[in-house]
Amino acid sequence: MTFSSLGLSEDILRAVSERGYIEPTPIQKQAIPAVLSGGDLLAGAQTGTGKTAGFVLPILHRLSDRRIKGPSEGRPPIRALILVPTRELALQVEESIRAYGKYLKLDSMTMIGGVSINPQITRLKSRVDILVATPGRLLDHVSQKTVDLSRIEILVLDEADRMLDMGFIRDIRKILALLPRKRQNLLFSATFSDEIKALAEGLLDHPETIEVARRNATAEKIEHKVHLVDRDKKRPLLAHLVKKHNWHQVLVFTRTKHGANQLAEYLTKNGINSLAIHGNKSQGARTRALSEFKDGSLQVLVATDIAARGIDIADLPHVVNFELPNVPEDYVHRIGRTGRAGQSGEAVSLVCVDELKLLSDIERVIKRKIAQETVPGFEADRNAKPEPIMKAGRQARPRRKPGS
Ligand code: AMP
């Protein structure tokens, strides 16, 4: 199947082909016609499946099909709202909109926390057809009356499960109350908890439901590996692995922001070019780290779960769990970013005696045992006493992320 059989306009097809895509991914094959038809959609898909183009392309088509002229009747309204959990994801989604919409006369804007609100207020005074926003900052604009959502035709909740995890449900409900009743709703989520089901039930009207194979369930292309190691040997082991295998573009997960900083510093001191990204870093620093990582000049990016969520990097070869996540589902999200677009990938977890329970929880969720390998010189002391794991990971899930 080609893109041209999906019913998208020539201008969109040209931009897609310039991006180098030849064939739509499974989610795109299903989502594009569904969105073009104008109905609601419930899609089970996570990052890496091509879901962004799955909703951006048909939204561009629908909006450009009936472009509202301005400014004779005042400023044209915002017609599509895409809500995302994180700032990085917002930037990436908007970048996709600009790339796929380069031959269209539609304007988009990101509205995220962590940056000054004033340029956003100025930007809102000119044309915005598609708004990509994180919930917190959008509500800041609502309370300042600088944004008008009364003419939204299409709403997307992207990574809805993660938005709920981050405590955004009340913000989302407040935003929904501001939208016109008649609109098209698209909900994307990697997982379907009862909370997501309840949200979908209230929001969607006879939705078309599509689900693409979750990478965690299939994950044939991802090789999972566990290295059992002593708590205090994790850092030297990671440095050893990166150097020995000459790994590049390694995404490393830590449980805490502090842990991310310390690890990046350690690796840098040991000659491995590394940076940390997490919620305490400025937006500028995060964007810079991400672009260096993408262009290959940064060897290791150390991230917390929230910061890494939604990072769009194709063909990421290595993901390392420096610490296992407290929530087994986060393991799935973490490794979901390796082995993309048909590439093979490797997910390596450094596991100490404190984490054996977390490991078995993860194995239960992914329904497989992960092979354990010992790295010579880093054998774990089998008699080591487990210590309780700091619950600091919880700090990554505030009820409302300030300034997001
Ligand atoms: P997403 O799941 O939207 O984050 O997309 C994951 C990655 O796949 C991104 O790097 C996209 O640029 C890429 N991608 C999306 N659609 C296609 C396609 N049809 N063919 C090849 N790559 C794609």
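Guide: Buried means under 20% relative accessible area, exposed over 50% and partly exposed in between, with a 1.4 Å probe and protein chains only. The model is predicted: local features need pLDDT of at least 70 and side-chain atom pairs count only at pLDDT 80 or more, while totals for chains, interfaces and linings use all residues. Residues are numbered from 1 along each chain as its sequence is written, and side-chain values use heavy atoms, with hydrogens and water left out.

Visitor: Which residues point the other way from β1, opposite to Leu41 and Ala43?

Guide: Strands (E, at least two residues) and helices (H or I, at least four) are DSSP runs numbered from the N terminus. In β1, Leu41 and Ala43 share one direction, and all four residues are buried. Those pointing the other way are Leu42 and Gly44.

Visitor: Which residue in β7 stands opposite Ala43?

Guide: Strands pair if DSSP finds at least two bridges between them. β1 (residues 41–44) and β7 run parallel, joined by four bridges. Opposite Ala43 in β7 stands Ile210.

Visitor: Which residue in β6 stands opposite Gly44?

Guide: β6 (residues 184–189) pairs with β1 in the parallel sense, over four bridges. Opposite Gly44 in β6 is Ser189.

Visitor: By how many degrees are neighbouring strands of the sheet turned against each other on average?

Guide: The open sheet has seven strands in parallel pairing, in the order β3-β4-β2-β5-β6-β1-β7. β3 (108–111) and β7 (208–211) are the edge strands, each pairing on one side only. With axes taken as lines fitted to C-alpha atoms and angles run from 0 to 180 degrees between N-to-C directions, the average turn between neighbouring strands, direction ignored, is 15 degrees.

Visitor: How much of the ligand's accessible area does the protein cover?

Guide: A polar contact is a pair of N or O atoms within 3.5 Å; within protein, one must be able to donate a hydrogen and the other to accept it, and residues adjacent in sequence count only if both atoms are side-chain atoms. Oxygen atoms of the ligand lie 2.4 Å from a polar side-chain atom of Tyr21, 3.3 Å from a backbone N or O atom of Lys51 and 2.6 Å from a side-chain N or O atom of Thr52. Of the 490 Å² that the ligand has on its own (Shrake-Rupley method, 1.4 Å probe), the protein covers 83%.

Visitor: How many charged residues does the shell around the ligand have?

Guide: The ligand is surrounded by 14 residues, where near means a heavy atom within 4 Å. Ala, Val, Leu, Ile, Met, Phe, Trp, Tyr, Cys and Pro count as nonpolar, Asp, Glu, Lys and Arg as charged, and the others, Gly among them, as polar. The shell has four nonpolar and seven polar residues, and its charged residues number three.

Visitor: Why does Arg127 count as buried?

Guide: Arg127 lies in the loop between α5 (118–123) and β4 (130–133), and its side chain joins that of Asp129 in a polar contact of 2.9 Å. Arg127 counts as buried because its relative accessibility is 13%.

Visitor: How far apart in space are Val229 and Glu379, C-alpha to C-alpha?

Guide: Val229 is in the loop between β8 (222–228) and α10 (234–244). Val229 is buried, at a relative accessible area of 1%. Val229 and Glu379 are 150 residues apart in sequence, but their C-alpha distance is 5.9 Å.
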